[in-house]
Amino acid sequence: MTDLAWIEAVMVAARPQAVGALLRYFRDLDMAEEAFQEACLRALKTWPQNGPPRDPQAWLILVGRNAGLDGVRRRSREAPLPEEEALSDLEDEEASLADRLDGSQYRDDVLRLLFMCCHPDLPATQQIALALRIVSGLSVTQIARAFLVSEVAMEQRITRAKAKVGKAGLPFETPGAVERAERLAAVAAMIYLVFNEGYSGGEEAARAALCGEAIRLARLLLRLFPAEPEIMGLTALMLLQHSRSRARFDGEGEIVLLEEQDRALWDGKLIAEGLALIDKALRHRRPGPYQVQSAIAALHSRAATPAETDWAGIDALYQTLERMQPSPVVTLNRAVAVGKVAGAEAALQLIEPLADRLSGYFHFFGAKGAFLLQLGRKEEARSAFDRAISLARNPAEAAHIRRYLDRLTEA
Amino acid sequence: MLYAILCYNDEDAVWSWSKEEDAAVMAKLGAVQERLVKAGKMGPSLRLLPTTAATTLRKDQDPPLVIDGPFAETKEQLLGFYVIDVKDLEEALEIARDLGAVNPGGSYEIRPIALFNPDRRDKAS
């Protein structure tokens, strides 16, 4: 790795806290981003000579803040001054910045920055795009590539999302405990959206990178809130799912089902980290949906071969999840475990009542077809698979179902 | 003389490397280690998972308190260590410089070892 690559890694890592702090100073997202950008440019000039400073975050915040203030002063000569309240209290200008940046303030800065992206009026895709742009610092080009849209369209999408967030007003007061917990939950959901955007994107490298980014954000959140079992659960869940990324697609880019995956391709490092986090979370005895989902993923990770999978345990965990978070999709997932424990007939019975609510859901018809196939009800299986193909969201999903159909034709 | 080389670095930065960047650094470190192995100077070495996976037992109270996360919040975290068998500090420093040349950022703490117990899992009864 060159020094420059290392400097970039340091800046990427410092970004959430630096932009979060600058946002608190300037109370304006564009200004905070510009100030951070300016600080990075200056860092690129000075750091290569002496290496990054001991506290890169504090350096970037201080330099960014001064650069931002310079900008305000410069503009003020040409245009009317922004209202005084646009800038937060600046009496700390002379104080040592590093001393003032205690952990809890950092923590709320980053949480605010992440929380901003979770505005309820923003559709999921905009939340994701905004988080990737503002918090992760991905370029519009990179984000556009991940979403398979043009750069112009993505630029507009992000601009619109920013405008909406700006109009809504940002929460700058220090949050109380309840509010902080609510923000944390919203942020966790948003991070999982980022992950799923990458996870459902097939082999596409630009998309798959989103999984790594979501894990990075989750680790960051966990550093700030080290005793939150649901954040441990979320992180573990993503680590365990991501651990299988090399095994999930075959040479032709087709989906390989969990049971058919080459488990030697699973990433042991990610699994170890995921399992360790689940152990930590369990100690808190405050179960939640992410913890339960990660526990399910862990039962797969712990099985050396598909035959050793604890399907009864998975069934029980899905029942717990159904109670916490009733949803037809959860029941559908449980049906797979029920199919293993009690047979395809029992699984079909379980999913039959879901037909109305999941009539537009690819996986419902894929699973239904597979159960019917196991029972030898070929015609019904065929029509379920046909329906699944029509609902597939990407070529890999469609190709996967087509293999079932081929099997039906051969038999 | 046995020395430990304790590796400290900003884990946020290290864990934000891409897989390729990480693999490239590990390969270069591997080459340095290979030389030490051939010279008979290389003891055990290990790399730790992020501090978010850590748990701390504070034993300054009774009963000891279990806390999530690392022992201390620091700018640079302990990410791993090497054990090397060298003749003196100069040689240990030389090795640390070689490792440092291919692993950017952070610090190495070079610290003599007082007691060394090798892996004894095979002694189970």
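1. How many of the 20 residues of α10(A) are buried? The count is 15, so this helix is mostly covered. Do keep in mind while reading that this is a predicted model. As for its length, α10(A) reaches 29 Å from its first C-alpha to its last, close to the 28 Å expected at 1.5 Å a residue.

2. Staying with α10(A), have a look at how it meets α7(A), residues 140-147. The two axes come within 7 Å and cross at roughly 105°. The two helices are therefore roughly perpendicular to each other, since angles of 65 to 115 degrees count that way. A:Gln142, A:Arg145 and A:Ala146 are what α7(A) brings to the contact, while α10(A) brings A:Ala206, A:Arg207 and A:Leu210. By class that makes three nonpolar, one polar and two charged residues.

3. On to the interface between the chains. Here 26 residues of chain A are in contact with 21 residues of chain B. On the chain A side, the elements giving two or more residues are α1 (3-26), α10 (205-224) and α12 (268-283). Which of them gives the most? That is α1(A), with seven residues. Sorted by class, the chain A residues that touch chain B come to 15 nonpolar, two polar and nine charged.

4. The next pair worth a look is α17(A), residues 362-374, and α18(A), residues 378-391. Their axes come within 8 Å and cross at roughly 160°. With over 145 degrees as the cut-off, α17(A) and α18(A) are therefore roughly antiparallel to each other. The crossing is left-handed.

5. Who touches whom in that pair? From α17(A) there are A:Phe362, A:Phe365, A:Gly366, A:Lys368, A:Gly369, A:Leu372 and A:Leu373. Facing them in α18(A) are A:Glu380, A:Ala381, A:Ala384, A:Phe385, A:Arg387, A:Ala388 and A:Leu391. The residues of this contact split into nine nonpolar, two polar and three charged. When you follow the numbering here, recall that an α-helix has 3.6 residues a turn, so residues three or four places apart point the same way.

6. Is α17(A) mostly covered or mostly uncovered? Mostly covered: 11 of its 13 residues are buried. Among the buried ones are four phenylalanines to click through, A:Phe362, A:Phe364, A:Phe365 and A:Phe371, and also A:Lys368. The buried residues pack against α15 (328-342), α16 (344-351), α18 and α19 (395-410) of chain A.

7. The geometry of α17(A) checks out too. At 1.5 Å a residue, its 13 residues should span 18 Å, and the end C-alpha atoms are 19 Å apart, which agrees. After the helix comes A:Gly376, with a positive phi near 75°.

8. Some backbone angles deserve a second glance. Most residues other than glycine have a negative phi, and most peptide bonds are trans. A:Arg27 has a positive phi of about 55° although it is not a glycine. Its place is the loop between α1 and α2 (29-50) of chain A. A:Arg27 counts as partly exposed because 17 other C-beta atoms lie within 10 Å, and the buried class starts at 20.

9. A:Arg285 is another non-glycine residue with a positive phi, near 50°. Look for A:Arg285 in the loop between α12 and α13 (289-302) of chain A. Why does A:Arg285 count as exposed? Because it has 7 other C-beta atoms within 10 Å, and 12 or fewer is the cut-off for that class.

10. Chain B has a backbone feature to check as well. The peptide bond from B:Asp62 to B:Pro63 is cis, with omega near -5°. B:Pro63 sits in the loop between β3 (55-58) and β4 (65-68) of chain B.

11. Last, chain B as a whole. Its secondary structure comes to three helices and six strands, in the order β-α-α-β-β-β-β-α-β along the sequence. The C-alpha trace spans about 45 × 40 × 30 Å along its principal axes. Of the 125 residues of chain B, 25% count as buried. Among contacts in chain B with a separation of 6 or more, 77% come from residues 24 or more positions apart.

Technical notes:
Residues are numbered from 1 along each chain as its sequence is written. Chains are lettered from A and ligands numbered from 1 in the order in which they are written. This is a predicted model: local features need pLDDT of at least 70, side-chain atom pairs count only at pLDDT 80 or more; totals for chains, interfaces and linings use all residues. Two residues are in contact if their C-beta atoms, placed from the backbone, lie within 7 Å. Ala, Val, Leu, Ile, Met, Phe, Trp, Tyr, Cys and Pro count as nonpolar, Asp, Glu, Lys and Arg as charged, and the others, Gly among them, as polar. Axes are lines fitted to C-alpha atoms, for helices over the stretch in contact, and angles run from 0 to 180 degrees between N-to-C directions. Angles under 35 degrees count as roughly parallel, over 145 as roughly antiparallel, 65 to 115 as roughly perpendicular and the rest as oblique. A crossing is left-handed if the near helix is turned anticlockwise from the far one by less than a right angle, and right-handed if clockwise. The expected span of a helix is 1.5 Å times one less than its number of residues.
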